[in-house]
Amino acid sequence: MVSPLTAQGVAVVIVAYDIAPKGTLDQMVDQVTQSIVFVQKQYPGNQGIYLCGHSAGAHLAAMMLLANWTEHGVTPNLKGFFLVSGIYDLEPVMHTSENASLLTTLEVAQRNSPQWHLQTAPTQPVDPACRILVTVGQHDSPEFHRQSRELYQTLRRGGWKASFEELHDVDHFEILWNLTQKDYVLTQVPLHETITGTSAHSPLLFLPLFASSWDGSKRGAGLGRCLVSRSRDMWREDYNSQHAPRRPASHFPEGRGRRVPDMPRGG
């Protein structure tokens, strides 16, 4: 997704973090926070920082809405958030075996749940003009739909400038892959938001968090594995039948009949 943005003069910074089991959720959130602080200090004259995240990356991006920037001695010039097919309430995830090592207690789940924080102690936006786009794919599983809509509604009630978009005919992985296409509707949103008023001396910064899980283990992504509700073996089997007709929707949970390629390790 870098090329469509850099071609229009937007600086893109790829943010990484230590996935499980090396990193805990608290450490991941802190590392992303430190990355944003670093970028702001490196480019203090930027015209705006836009943060994008997919799946578990959307969770980490959403956690930045709650960050106490005064503790870090700098307030990032955050102008927009693009939250793509994310998870924002971790309590349901803690009951899955894949995430047992990450979400050991309810306290850990709540502490790292933006939805829980925004509901129990509403946080006011530092910049009222900061825009938040919450998106989900039409064929994402029901839990992604529920959590995306609830986050959007909570943000609106809290005074955030939030909008919601369900993208037609894409699932949890296609919604991310399509960001490499310059004419894709979701690619055009950050371009439209960021291009106005750019200059070489005051760059706009776009920070994408590429992640479908907090867990990079070989057996599968913790978040994607428990919420996408489809085994990778079945996806792979279907994808390898290149010339076969699509399976009827009845073969797939939630009516899916798409062919999806295998995912690289780590989401």
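**Close-up views of a predicted model**

**View 1. Tryptophan 177 is partly exposed.** The relative accessibility of this residue is 30%, so tryptophan 177 counts as neither buried nor exposed, given cut-offs of under 20% and over 50%. The model shown here, and in every view below, is predicted.

**View 2. Aromatic pairs, of which the structure holds three.** Tyrosine 50 and phenylalanine 82 form a stacked pair, because their ring centres are 6.2 Å apart and their planes meet at 25 degrees, under the 30-degree limit for stacking. The two partners come from distant parts of the chain: tyrosine 50 belongs to strand β2 (residues 48-54) and phenylalanine 82 to strand β3 (residues 78-84), 32 residues apart. Tyrosine 50 is buried, at 7% relative accessibility, and phenylalanine 82 is buried as well, at 6%. Phenylalanine 173 and tryptophan 177 make up another of the pairs; with centres 6.1 Å apart and planes at 25 degrees, this pair is also stacked. Phenylalanine 173 counts as buried, with 4% relative accessibility, whereas its partner tryptophan 177 is partly exposed.

**View 3. The largest nonpolar core, with 44 residues.** Met64, Phe81, Leu83, Leu103, Ile132, Val134 and Leu155 have the most contacts inside this core. Two or more residues are supplied by each of the helices α2 (25-42), α3 (56-63), α4 (106-111) and α6 (142-157) and by each of the strands β2, β3, β4 (131-137) and β5 (161-167). Helix α2 gives the largest share, seven residues. In soluble globular proteins, nonpolar side chains tend to be buried together.

**View 4. Valine 134 and its surroundings, with a separate core.** Beyond its neighbours within four places in sequence, valine 134 is in contact with Leu83, Tyr88, Ser148, Leu151, Tyr152, Leu155, Ser163, Phe164 and Glu165. Another core, of eight residues, lies apart from the largest one; Tyr50, Cys52, Val84 and Leu133 are among its members.

**View 5. Strand β3 between its parallel partners β2 and β4.** Six bridges pair β2 with β3 in the parallel sense, and histidine 54 stands opposite valine 84 of β3. β3 and β4 also run parallel, joined by five bridges; here phenylalanine 81 faces isoleucine 132 of β4 as its opposite residue. β3 is mostly covered, with six of its seven residues buried. In a regular strand the side chains alternate between the two faces of the sheet.

**View 6. Helix α3 in a right-handed β-α-β unit.** The unit is made by β2, α3 and β3. Helix α3 is largely enclosed by the rest of the structure, because eight of its eight residues are buried. These are Ala56, Gly57, Ala58, His59, Leu60, Ala61, Ala62 and Met63. An α-helix has 3.6 residues a turn, so residues three or four places apart point the same way.

**View 7. Cysteines 52 and 130 are both buried.** Cysteine 52 has a relative accessible area of 6%, and cysteine 130 has one of 4%; each value is under the 20% cut-off, so each residue counts as buried. With a limit of 2.5 Å between sulfur atoms, the disulfide count is zero. Cys52 is also one of the eight residues of the separate core shown in View 4.

How values were computed. Residues are numbered from 1 along each chain as its sequence is written. This is a predicted model: local features need pLDDT of at least 70, side-chain atom pairs count only at pLDDT 80 or more; totals for chains, interfaces and linings use all residues. Side-chain values use heavy atoms; hydrogens and water are left out. Rings of Phe, Tyr and Trp (its six-membered ring) pair if their centres lie within 6.5 Å; planes under 30 degrees apart count as stacked, over 60 as edge-to-face and the rest as tilted. Helices (H or I, at least four residues) and strands (E, at least two) are DSSP runs, numbered from the N terminus. Buried means under 20% relative accessible area, exposed over 50%, partly exposed in between (1.4 Å probe, protein chains only). A nonpolar core is a set of buried Ala, Val, Leu, Ile, Met, Phe, Trp, Tyr and Cys residues joined through side-chain atoms within 4.5 Å. Contact means heavy atoms within 4.5 Å. Two strands pair if DSSP finds at least two bridges between them. A crossover is right-handed if, with the strands pointing away from the viewer, the path from the first strand over the helix to the second runs clockwise.
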